[in-house]
Each structure stands twice: as C-alpha cells, then as structure tokens.
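Work through the following exercises with the sequence and the coordinates open side by side. Each task is followed by a solution that proceeds step by step.

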Amino acid sequence: MTSADDSGTADPVGSTESVVDTSSGLSDRATTRSDTIVEAKGVDVFYGEDQALQDISMEIPEKQVTAMIGPSGCGKSTFLRCINRMNDQIDVCRVDGEIEFRGKNIYDDDVDPVVLRRRIGMVFQQPNPFPKSIYDNVAYGLKIQGKTEDMDQKVENALKGAALWDEVKDKLHTSGLDLSGGQQQRLCIARAIAVDPQVILMDEPASALDPIATAQIEDLIEELSRDFTVVIVTHNMQQAARISDKTAVFLTGGELVEFDDTNRIFENPQSQRVEDYITGKFG
Ligand SMILES: Nc1ncnc2c1ncn2[C@@H]1O[C@H](COP(=O)(O)OP(=O)(O)OP(=O)(O)O)[C@@H](O)[C@H]1O
C-alpha cells in the first residue's frame, strides 16, 4: 500500500497543525462559510450503468449532527461513502460533481484518500474491532501515523471520548472482540476519534444494537458533536428526530428531496413526498 501514512512524505491534504495548507491540500479552516465543513455540488453517482444518486447538492454544517434518512436503496450509504471516498474501493462506482471539504474538492488528483480518511473517519453498521486488545484497537491509527508519544494518555482520552473508559480501564489488554456489541461499537468510535478527525461518518451505527446500547450510542453522538461534525445514516426516523440538528431526506431514485433543520423536516416539511414518507404513507 502506498500512502502518505506509510511513506512519511508530506501530507497531501494538509497537516493538522497547519491552519491552511498552501500547496495542494485541504485546509483545516473553513474558507468560504464558517459553518460549512462539507459541501456537495451536483454529485451524481453511478454503479456501472445504474445511477444511484442524482445531482446532490448540500452543505453540511460543522460540529452539528446531520442525519440522512430515506427508504431502502435511495442512496444514503452511497452518499455517505462519497464523503470520504470509500466508494473508490468499488470498481464499478463512478462519482461526478464535487464534494468540498473546507473548500477543497476531495476528488482532486492531489488528495490522498488515505489521508482524507484521517480527517473524515467512518463507523459502520456492524461493530468491527480488530482482533486485538482494546488498547491496541485505539492505538492502531496513531501508531500508523507515528504519533506514539503519550500513547497511554491518548488511548485513555479516546476511550473517555467514546464513553467507554470506565467499563474497560481495568482490562485494556483483553481482546476487543470480548466486549458486548454496544461496547464494541463504542470501541470503534474510540478508534475513529483517536486520530483526531474533523468529521465522523456513521452508517446505521446502532442498528445492530439492543435498545439500551442504542440509547448510549445516541447520547454519545450528541456529545461527539461538541467536538466533531457527525453525519449519520439511519433507517430510524425517531432516531434522526432525537439526535440530529439537520436532516436530509433522500427518496427513491437517488434524489435529495429536502434538507433542512430537523424540527422543520418533521414538523413542517415543504415537500408532499417528504410528508408522506415521514408520516409512514410509504417507504
Ligand atoms: N457496490 C454496489 N454495486 C452496485 N450497486 C450498488 C452497490 N452499492 C449500492 N448499490 C446500489 O445503489 C443504490 C443505492 O444503494 P445504497 O446502499 O446507497 O442505498 P441506501 O439508501 O443506503 O439503502 P439501505 O437503507 O437499504 O442501506 C441501490 O440501488 C443499490 O442496489
């Protein structure tokens, strides 16, 4: 694997220490609107001949929770994966249009997706800890980046940030796979935040969990949005209403039909199709 991580060469999306990367990369400060961290501009996505997303434009605000809802197959996960170029790994997938992260198009040739994913991390539906100790799961990304100083403290901070520290502090060197599903998901969140991302993408992070573990994850997401921008795909409209500041409603055909403050989407949607969807008339 060739990447800036492994080679130790200059970080092509800007170092976290710099405010603005002057060469080719992404800045760490919003350059246009102070509250927009990610902006999609006319994004079309195709899998082979099939179009999954049509002309998606939206501005994702910094340090808020943005939820993406809609019926199965409408393209929510596809859009989420576009935001940190996870779709690059799918051969038949083609993304047209632009997605800017702090004003820089992440699809530009000079952006290294590996480095991008440090800024824009991801948590998946199924908790997927590495078959390593709790400690090593959290330390993994930091070690890859060579950021090994004060490792114990960084691991502790990430576990605290993921509301898991108290439950695991006496067994840091046992396997992450021995934790409950909800704990494993919080471990994956600790792993994601350890490398100090700016955006965390979550694809149905609680759908494999019981109600208590789900409530813990929901509380955690609200906490995380103090420090991070969270973008979450959920099937669960109540969850979107509970935890998000903004909601994007995708509907069949890969259209973004409405994007607004969550209260407005649920209380006074502008589109009849959105109203029909959230009142359960279809989907
Ligand atoms: N790897 C892939 N290869 C080909 N087509 C795909 C691939 N991933 C998704 N699709 C297609 O793209 C469309 C959007 O899928 P996507 O998973 O993004 O929707 P979704 O809204 O997240 O659905 P769900 O809520 O069921 O997860 C669907 O028609 C799906 O079949």
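Among contacts in the protein between residues at least 6 apart in sequence, 67% join residues at least 24 apart, where two residues are in contact if their C-beta atoms, placed from the backbone, lie within 7 Å. This is a predicted model, in which local features need pLDDT of at least 70 and side-chain atom pairs count only at pLDDT 80 or more, while totals for chains, interfaces and linings use all residues. Residues are numbered from 1 along each chain as its sequence is written.

**Exercise 1. Take stock of the secondary structure and of burial.**

Step one is to list the elements: the protein comes to eleven helices and ten strands, these being DSSP runs numbered from the N terminus, with H or I over at least four residues for helices and E over at least two for strands. Step two is burial: of the 283 residues of the protein, 44% count as buried. A residue is buried if 20 or more other C-beta atoms lie within 10 Å of its own, exposed if 12 or fewer, and partly exposed in between, with C-beta atoms placed from the backbone.

**Exercise 2. Determine the strand order in the six-stranded sheet, and describe the surroundings of β3.**

Begin with the order, which is β6-β7-β8-β3-β9-β10 in an open sheet with mixed pairing; two strands pair if DSSP finds at least two bridges between them. Since β6 and β10 (255-261) stand at the edges with a single partner strand each, one side of each is left without a neighbour in the sheet. From one strand to the next, the twist averages 15°.

Next, follow β3 (residues 65-69) to its partners. It runs parallel to β8 (residues 229-233), joined to that strand by four bridges, and V65 stands opposite V230 in β8. Four bridges also join β3 to β9 (residues 246-251), again in parallel; in β9, T66 has K246 as its bridge partner, and M68 has A248.

Finally, check the two faces of β3: V65, A67 and I69 on one side, and T66 and M68 on the other, are all buried.

**Exercise 3. Place the helices that lie across this sheet.**

Helix α2 lies across β3, β6, β7 (199-203), β8 and β9, and runs at about 150° to β8. Helix α7 lies across β6 and β7, at about 170° to β6. For these angles, axes are lines fitted to C-alpha atoms, for helices over the stretch in contact, and the values run from 0 to 180 degrees between N-to-C directions.

**Exercise 4. Which residues of the largest nonpolar core touch the most other members?**

The core has 75 residues, and those that touch the most other members are A190, I200, L201 and V230. Its largest share, seven residues, comes from α7. Here a nonpolar core is a set of buried Ala, Val, Leu, Ile, Met, Phe, Trp, Tyr and Cys residues joined through C-beta atoms within 7 Å. Leaving out residues up to four places away in sequence, A190 touches V138, A158, L159, G161, A162 and L164.

Then turn to α4 (residues 134-144), where I134, N137, V138, A139, G141 and L142 are buried. The buried residues of α4 pack against α5 (151-161), α6 (165-168) and α7 (181-194). Just after α4, G146 takes a positive phi of about 75°.

**Exercise 5. Is P131 buried or exposed?**

P131 counts as exposed because it has 9 C-beta neighbours inside 10 Å. Its place is in the loop between β6 (120-123) and α4. Not counting residues up to four places away in sequence, P131 touches S175 and L177.

**Exercise 6. Describe the shell around the ligand.**

The ligand is surrounded by 13 residues, of which Y47, A52, S72, S77 and T78 are the closest; a residue is near a molecule if its C-beta atom, placed from the backbone, lies within 6 Å of it. By element, helix α2 (residues 76-83) gives the most to this shell, with three residues. By character, the shell divides into five nonpolar, seven polar and one charged residue, where Ala, Val, Leu, Ile, Met, Phe, Trp, Tyr, Cys and Pro count as nonpolar, Asp, Glu, Lys and Arg as charged, and the others, Gly among them, as polar.
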